[in-house]
Amino acid sequence: MISKKLLKHLARKHGTPLLVVDHDALRRNLAEFRRRLPRVQPYYAVKANPDPAIVRTLYRAGASFDVASLPEFMTVHENIRHLPPKQRQDFIWDKIIYAHPIKSEETLRALDPFRPLVVYDNFAEIGKIRKNAPHAGLVLRVRVPNTGAMVELSSKFGAAPGEAVDLVAAAHRAGLTVEGLSFHVGSQTTNFDNFVQALHLVHGIFREAHLRGFSKMNLIDIGGGFPAPYDPAARPFRELARLLNREIARLFPEKNIEILSEPGRFIVATAATLVARVIGKAERDGKPCYYLDDGVYHTYSGILFDHMRYPVKAFRKGSVRPSAVFGPTCDALDTISLAEMLPDLPLNDLVYTENIGAYSIASSTHFNGFPPAKVVHVNE
Ligand SMILES: *Cc1c(COP(=O)(O)O)cnc(C)c1O
């Protein structure tokens with residue numbers, strides 16, 4: 001944990017808004033993931049936080065990577081290719097999966113020399129891949145239930161289970177190789193049954209594909225969605241891990257079947273803390289209102305894009321009142337909270353928000369002329 005003293009020190013030294021990334025926490029989260037899911041190789045989902053320093057630390061700690069755009073692919077490639085060769089593997093496949101089912105033809109052409117592992121979920125994509133990336137290996141993304149996930153994905157991606165094997169067959173007819181199947185149960189999934197249902201579904205498709213002669217498939221990618229411990233009362237990851245280990249052992253006992261995963265939030269959410277500053281205050285309708293130098297167009301973007309609620313905490317002690325907390329821009333949408341319990345904060349006082357490493361600075365804008373927060377790395 002980063003101490004409050006260090007947070008304040010860093011904010012004084014670097015200025016605010018400041019996102020402090022703790023690399024010990026990154027390594028701890030990755031280690032916990034691997035310890036509790038020993039058969040599952042984590043491919044860190046770079047879109048959760050694409051900071052190159054995070055990519056390097058996770059690579060050194062043994063992670064592989066899930067990318068979903070050409071710039072993300074290049075970020076990973078550029079940052080791992082200089083690292084010690086003994087940790088490098090022969091095929092880029094072992095380290096990177098391109099997990100976005102839809103790719104432009106330009107992107108496919110740029111990826112082809114790397115012999116990438118790419119995800120698809122529709123017939124049109126097969127033609128694009130054959131034409132532009134004939135050296136790619138394929139993984140078919142299947143649509144699975146997203147009930148109870150904080151961020152739902154199944155309305156946008158995934159082949160219907162009924163057409164899955166036809167999509168495998170069509171890829172083979174096009175001369176391509178399908179390595180296996182993937183799914184995503186939706187981000188911050190607290191309904192663990194989604195994972196069980198998805199594994200059953202994928203197991204059924206796997207069996208049907210084998211019966212129809214596609215016996216080379218040997219990869220199951222269980223996607224992301226592993227919950228970060230934002231709420232200490234929520235069901236913890238270790239319960240999900242127990243369930244997954246049991247179901248994977250039962251449905252896929254064959255040791256030659258590789259199990260991949262794409263955790264984003266779980267790895268990075270708890271690894272960063274934001275420090276912001278009170279740049280204005282007012283009393284409106286009897287309620288204290290604080291204006292911070294960071295808001296929902298910036299590091300708090302998850303309030304809009306990620307359906308998150310981020311508590312704002314004061315370093316200062318004192319009796320608290322329900323207070324409104326706003327971001328710095330001119331837009332009233334830039335509201336962090338209308339009821340945060342805060343003590344009376346003087347101008348220039350610092351506040352902080354924990355567990356804000358995922359889907360935060362990654363979607364920060366420059367709206368209204370305010371740049372994204374500065375980032376510092378500790379324990380790198
Ligand atoms: C966003 C995304 C992830 C990461 O999901 P988390 O919920 O952050 O673990 C993994 N795979 C795919 C395909 C994604 O789109």
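**A chat about the predicted model**

Visitor: Let's start with S363. Is S363 buried or exposed, or something in between?
Guide: S363 counts as partly exposed, because its relative accessible area is 24%, and buried would mean under 20% while exposed would mean over 50%. Do keep in mind that this is a predicted model.

Visitor: Good to know. Where is the place of S363?
Guide: S363 sits in the loop between β17 and β18.

Visitor: And what does S363 touch, beyond residues up to four places away in sequence?
Guide: Setting those neighbours aside, S363 touches Y297, S301 and F305. With S301 there is also a polar contact of 3.0 Å between the two side chains. G302 belongs in this picture too: 61 residues separate S363 and G302 along the chain, while their C-alpha atoms are 7.9 Å apart.

Visitor: Now T353. Which strand is that in?
Guide: T353 lies in strand β17. It is buried, because its relative accessible area is 0%, and buried means under 20%.

Visitor: What do the polar atoms of the T353 side chain pair up with?
Guide: There are two partners to mention here. The side chains of T353 and Y300 are joined by a polar contact of 2.7 Å. A polar atom of the T353 side chain also lies 3.0 Å from the backbone oxygen of P311. Leaving out neighbours within four places in sequence, T353 is in contact with A272, T273, L274, Y300, Y310, P311 and V312.

Visitor: Y300 again! Which residues have the most contacts inside the largest nonpolar core?
Guide: Y300 is one of them, along with Y120 and F226, in a core of 104 residues. Helix α8, residues 193–211, supplies the largest share of this core, with eight residues. At least three residues come from each of domain 1 and domain 2.

Visitor: What is F226 packed against, not counting residues up to four places away in sequence?
Guide: F226 touches F33, L37, Q188, F195, F237, L240, L244, S261, P263 and F266. Apart from the largest core lies another one, of twelve residues, including I2, L10, V275 and V378.

Visitor: L10 is in helix α1, right? Which residues of α1 are buried?
Guide: Those are L7, L10 and A11, in a helix that runs over residues 4–14. They lie on the same side of α1, because they cover an arc of only 100 degrees around the axis.

Visitor: What's on the face turned away from that buried side, and what covers the buried residues?
Guide: The face turned away carries the exposed residues K5, R12 and K13. The cover over the buried residues includes β1, β12, β17 and β18. After α1 comes G15, with a positive phi near 85 degrees.

Visitor: Which residues does the cis peptide bond join?
Guide: T16 and P17, with omega at about -5 degrees. P17 is in the loop between α1 and β1.

Visitor: Back to domains for a sec. What are their bounds, and how many residues are in contact?
Guide: The domain assignment gives domain 1 as 4–17 + 271–378 and domain 2 as 23–269. Between them, 15 residues of domain 1 are in contact with 18 residues of domain 2. The domain centres, taken over C-alpha atoms, are separated by 33 Å.

Visitor: There's a ligand too. What are the closest residues?
Guide: The ligand is surrounded by 14 residues, and the closest are K47, S187, E262, R265 and Y359. An oxygen atom of the ligand is 2.4 Å from an N or O atom in the side chain of S187. For the side chain of H184, the corresponding distance to a ligand oxygen is 3.1 Å. R265 brings in its backbone, with an N or O atom 2.8 Å from an oxygen atom of the ligand.

Visitor: Last one: which residues other than glycine have a positive phi?
Guide: R115 is one of them, with phi near 45 degrees. It is found in the loop between α5 and β5, and it counts as partly exposed at 46% relative accessibility. H307 also has a positive phi, near 55 degrees, and lies in the loop between α11 and β14.

Technical notes: Residues numbered from 1 in each chain as written. Predicted model: local features only at pLDDT ≥ 70, side-chain atom pairs only at ≥ 80, totals over all residues. Heavy atoms only, no water. Core = buried A, V, L, I, M, F, W, Y, C linked by side-chain atoms within 4.5 Å. Buried < 20%, exposed > 50% of the residue type's maximum accessible area, 1.4 Å probe, protein only. Helix = DSSP H or I, 4+ residues; strand = E, 2+ residues; numbered from the N terminus. Domains from an automatic or database assignment. Contact = heavy atoms within 4.5 Å. Arc of directions from axis to C-beta. Near = heavy atom within 4 Å. Polar contact = N/O pair within 3.5 Å; in protein donor to acceptor, adjacent residues only side chain to side chain.
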